[in-house]
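User: Could you take a close look at one part of this model, the salt bridges, and describe where the partners sit and how covered they are? Please add whatever helps to place them in their surroundings.

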Amino acid sequence: MCETQWCATELPVAVAQFTVMREPERNLEIIDGFARDAAAQGARLLVFPEGLIARDGDDDAFAAAHAQPIDGPFVSGLKAISAKRNITLMGTVHIASPEGVTDFRVSNVFLIIHGGEIVATYRKLHLYDAFSAKESTVVQPGTKLPPIVDIDGWRVGVMTCYDVRFPETARSLAVRGADAIVVAAAWVRGSLKEYHWKLMTAARAVENTCYVLACSEVSSRNIGCSRIINPLGEVLAEAGSRGSELISANLDRNVLESTRQTLPVLHNRRFADPQLR
């Protein structure tokens with residue numbers, strides 16, 4: 001997962017949307033099943049939704065209430081799955097504050113796991129204090145821009161859910177060299193919400209001329225509609241809004257480079273914010 005001299009022309013990827021259950025052990029079983037199937041298809045990267053440990057569609061605070069330590073059984077289970085299936089896993093979990101920390105709130109942590117090890121983490125910057133929700137009552141915001149990791153020579157950045165409404169977050173990844181951006185989400189249903197999700201995931205791809213892999217939890221509360229989008233905004237694969245699905249695509253280096261030559265928006269920027277770097 002470090003920088004490499006070799007760069008794959010194509011990167012097979014998969015996105016797994018599902019309904020996160022109340023029981024962490026059951027969620028690990030579901031994740032392992034998707035990892036098995038994605039690996040059998042040749043995928044090198046598998047993306048999951050936000051809040052993987054536990055959820056209850058009728059209780060907004062359930063996921064945070066079931067946070068675990070980063071060295072707890074759930075994350076240990078994810079590491080074991082990554083090692084067994086030989087695939088990079090991405091998604092978010094709620095992590096309990098270390099002992100002695102006075103802030104009772106948990107962290108919503110994006111994990112990148114490869115070869116049975118955590119190779120990068122990201123604490124969600126933009127908390128969902130909108131549409132009458134108040135994520136900040138139970139979650140601490142992060143303070144650092146999201147990381148970029150190397151997968152077979154592809155530079156992949158990450159964002160979490162509400163981050164997608166803040167184009168500067170995606171732009172920070174693009175100007176730091178991201179070829180693709182992964183978004184893990186639990187996108188809440190509501191008037192125009194599905195439209196917003198589709199509009200903004202495509203916009204982040206087009207304005208940054210990069211691939212976007214966007215995965216939302218699907219349930220009575222959350223929309224699903226996970227998708228893989230190319231640098232010109234074309235949807236390569238898309239899931240529905242009602243059930244579990246595994247979607248896949250190949251990220252193509254030739255498409256990425258030709259798009260950036262034809263539409264050199266990153267090169268043509270006239271004003272650069274140093275804080276995005």
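Analyst: What follows treats the salt bridges and then the sheet and surface around them.

The model is a predicted one, and a search of the whole structure finds 15 salt bridges. Side chains of opposite charge can pair when their charged atoms come close. One such pair is Glu-135 with Lys-124, whose side chains meet at 2.9 Å, N to O. Both residues lie in the loop between strand 5 (117-123) and strand 6 (139-140), so the contact ties together parts that are 11 residues apart in sequence. Glu-135 is buried, because its relative accessible area of 13% falls under the 20% limit, and Lys-124 is buried as well, with a relative accessible area of 2%.

Another salt bridge joins Asp-129 to Lys-134, with 3.8 Å between the closest N and O atoms; here Asp-129 counts as partly exposed, at 33% relative accessibility.

Asp-179 and Arg-253 also form a salt bridge, in which the closest N and O atoms are 3.4 Å apart. Since Asp-179 lies in the loop between helix 4 (167-175) and strand 9, while Arg-253 belongs to helix 6 (residues 253-262), this pair ties together parts that are 74 residues apart in sequence. Asp-179 is buried, with a relative accessible area of 7%, and Arg-253 is buried at 12%. Elsewhere, Glu-194, Lys-198, Arg-227 and Glu-238 are joined into one network by salt bridges that share partners.

Some of these elements can be placed in a sheet. Six strands form an open sheet of mixed pairing, in the order 7-8-9-10-11-12. Strand 7 (148-151) and strand 12 (235-238) stand at its edges with a single partner strand each, so one side of each is left without a neighbour in the sheet. From one strand to the next, the twist averages 20 degrees. Within the sheet, strand 8 (residues 154-160) and strand 9 (residues 180-185) pair in the parallel sense over 5 bridges, and Val-156 stands opposite Ala-180 in strand 9.

On the surface, Leu-192, Tyr-195 and Leu-199 make a nonpolar patch of about 330 Å². Leu-192, in the loop between strand 9 and helix 5, is exposed with a relative accessible area of 54%, whereas Leu-199, in helix 5 (residues 193-208), is partly exposed at 44%.

A further charged residue, Arg-221, is found in the loop between strand 10 (211-216) and strand 11 (227-229); Arg-221 is buried, with a relative accessible area of 18%, and its side chain makes a polar contact of 3.3 Å with that of Asn-222.

Methods
Residues numbered from 1 in each chain as written. Predicted model: local features only at pLDDT ≥ 70, side-chain atom pairs only at ≥ 80, totals over all residues. Heavy atoms only, no water. Pairing = 2+ DSSP bridges. Helix = DSSP H or I, 4+ residues; strand = E, 2+ residues; numbered from the N terminus. Axes fitted to C-alpha atoms, helices over the stretch in contact; angles between N-to-C directions. Patch = residues over 30% accessible without salt bridge, like charges linked within 9 Å, V, L, I, M, F, W, Y side chains within 5 Å. Areas by Shrake-Rupley, 256 points an atom, 1.4 Å probe, with all protein chains shown as cover. Salt bridge = Lys/Arg side-chain N within 4 Å of Asp/Glu carboxyl O. Buried < 20%, exposed > 50% of the residue type's maximum accessible area, 1.4 Å probe, protein only. Polar contact = N/O pair within 3.5 Å; in protein donor to acceptor, adjacent residues only side chain to side chain.
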